[in-house]
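Welcome! Here is a short guided tour for anyone meeting this structure for the first time. Have a look at the sequence and the 3D view, and then read on.

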Amino acid sequence: MVKIDFDKYVALLSWRSIYWGIEKNIISPKNAILYAEKIIELNPEIDTPEIISLLISESTEKDVILSLIEDIISNTPELENNEESNMRLIRYIVLSELKEKIQAPDSLLSEIENIYADFDYPTDMESFI
């Protein structure tokens, strides 16, 4: 699982993309809490009870976090819920993070192969792999 730098990517993400990444075991459930913290930091006027519940949750279990995010999603209108766009966004962020962290070309290529497998061998990556 990859840790996301929310300072860089918060504007790109949504609760649905966070949910998708956690559900597919691409990102850690702890990332939902970090995302909520960043959202509150950038928008201190937000007092959404569902986001507050996520922030004060004592659990980082996947099922608990996903349930809390479902509550947020059900009470937060968002423009789209497209699984393909959520997958592409999370994949972009994961690959960007890897590129910054891994300097050795062989290690980077090995990790990219793992990402390719983690994302169920997307056809738009075939030519790259």
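Let us begin with a single residue. Ser67 is partly exposed, because its relative accessible area of 35% falls between the 20% limit for buried and the 50% limit for exposed. Please keep in mind throughout that this is a predicted model. Ser67 sits in helix H5. In space, its C-alpha is 9.5 Å from that of Leu54, although 13 residues separate Ser67 and Leu54 in sequence.

**Helix H5 and its partners**

Leu54 brings us to helix H4, since it is one of the H4 residues that touch H5. How do H4 and H5 lie relative to each other? Their axes come within 8 Å and cross at roughly 165 degrees. That makes H4 roughly antiparallel to H5, because the angle is over 145 degrees. The crossing of H4 past H5 is left-handed. On the H4 side the contact is formed by Glu50, Ile51, Ser53 and Leu54, and on the H5 side by Ile65, Leu68, Asp71 and Ile72. By kind, these residues are 5 nonpolar, 1 polar and 2 charged.

H5 also packs against helix H2, at an angle of about 160 degrees and with the axes 10 Å apart. H2 and H5 are therefore roughly antiparallel to each other. Here too the crossing, of H2 past H5, is left-handed. H2 contributes Trp15, Arg16, Ile18, Tyr19, Ile22 and Glu23, while H5 contributes Lys62, Ile65, Leu66, Ile69, Glu70, Ile72 and Ile73. In this contact there are 9 nonpolar residues, no polar ones and 4 charged ones. Ile65 and Ile72 of H5 appear in the contact with H4, and Ile65 and Ile72 are also listed in the contact with H2.

**From H2 to H6**

H2 has another partner, helix H6, which covers residues 83-101. The axes of H2 and H6 come within 9 Å and cross at roughly 75 degrees. That makes H2 roughly perpendicular to H6. The residues involved are Arg16, Ser17 and Trp20 of H2, together with Glu83, Asn86, Met87, Leu89 and Ile90 of H6. They divide into 4 nonpolar, 2 polar and 2 charged. Arg16 of H2 takes part here, and Arg16 is also among the residues that H2 brings to H5.

The helix pairs can be set side by side:

| Helix pair | Axis distance | Angle | Source |
|---|---|---|---|
| H4 and H5 | within 8 Å | roughly 165 degrees | axes of H4 and H5 |
| H2 and H5 | 10 Å | about 160 degrees | axes of H2 and H5 |
| H2 and H6 | within 9 Å | roughly 75 degrees | axes of H2 and H6 |

**A closer look at H6**

H6 has 19 residues and spans 27 Å from its first C-alpha to its last, close to the 27 Å expected. Its buried residues are Asn86, Met87, Leu89, Ile90, Arg91, Ile93, Val94, Ser96, Glu97 and Leu98. They pack against H1, H2 and helix H7 (105-118).

Two of these buried residues deserve a visit. Met87 of H6 has a relative accessible area of 9% and is buried. Beyond its neighbours within four places in sequence, Met87 is in contact with Trp20 and Phe119. From Met87 to Glu100, 13 residues along the chain, the C-alpha atoms are 20 Å apart.

Is Arg91 of H6 buried or exposed? With 7% relative accessibility, Arg91 counts as buried, because that is under 20%. Setting aside neighbours within four places in sequence, its contacts are Ile115, Phe119, Pro122, Asp124 and Met125. Phe119 is thus a contact of Arg91, just as Phe119 is a contact of Met87.

**Helix H3 and the loop before it**

Between H2 and H3 there is a loop that holds Asn25. The phi angle of Asn25 is near 60 degrees, a positive value in a residue other than glycine. Asn25 is partly exposed, with a relative accessible area of 43%.

H3 itself (residues 30-42) has 13 residues and reaches 19 Å from its first C-alpha to its last, close to the 18 Å expected. Which residues of H3 are buried? They are Asn31, Ala32, Ile33, Tyr35, Ala36, Lys38 and Ile39. Their cover includes helix H1 (6-9), helix H2 (15-23), helix H4 (49-56) and helix H5 (62-74).

Notes. Residues are numbered from 1 along each chain as its sequence is written. This is a predicted model: local features need pLDDT of at least 70, side-chain atom pairs count only at pLDDT 80 or more; totals for chains, interfaces and linings use all residues. Side-chain values use heavy atoms; hydrogens and water are left out. Helices (H or I, at least four residues) and strands (E, at least two) are DSSP runs, numbered from the N terminus. The expected span of a helix is 1.5 Å times one less than its number of residues. Buried means under 20% relative accessible area, exposed over 50%, partly exposed in between (1.4 Å probe, protein chains only). Contact means heavy atoms within 4.5 Å. Axes are lines fitted to C-alpha atoms, for helices over the stretch in contact, and angles run from 0 to 180 degrees between N-to-C directions. Angles under 35 degrees count as roughly parallel, over 145 as roughly antiparallel, 65 to 115 as roughly perpendicular and the rest as oblique. A crossing is left-handed if the near helix is turned anticlockwise from the far one by less than a right angle, and right-handed if clockwise. Ala, Val, Leu, Ile, Met, Phe, Trp, Tyr, Cys and Pro count as nonpolar, Asp, Glu, Lys and Arg as charged, and the others, Gly among them, as polar.
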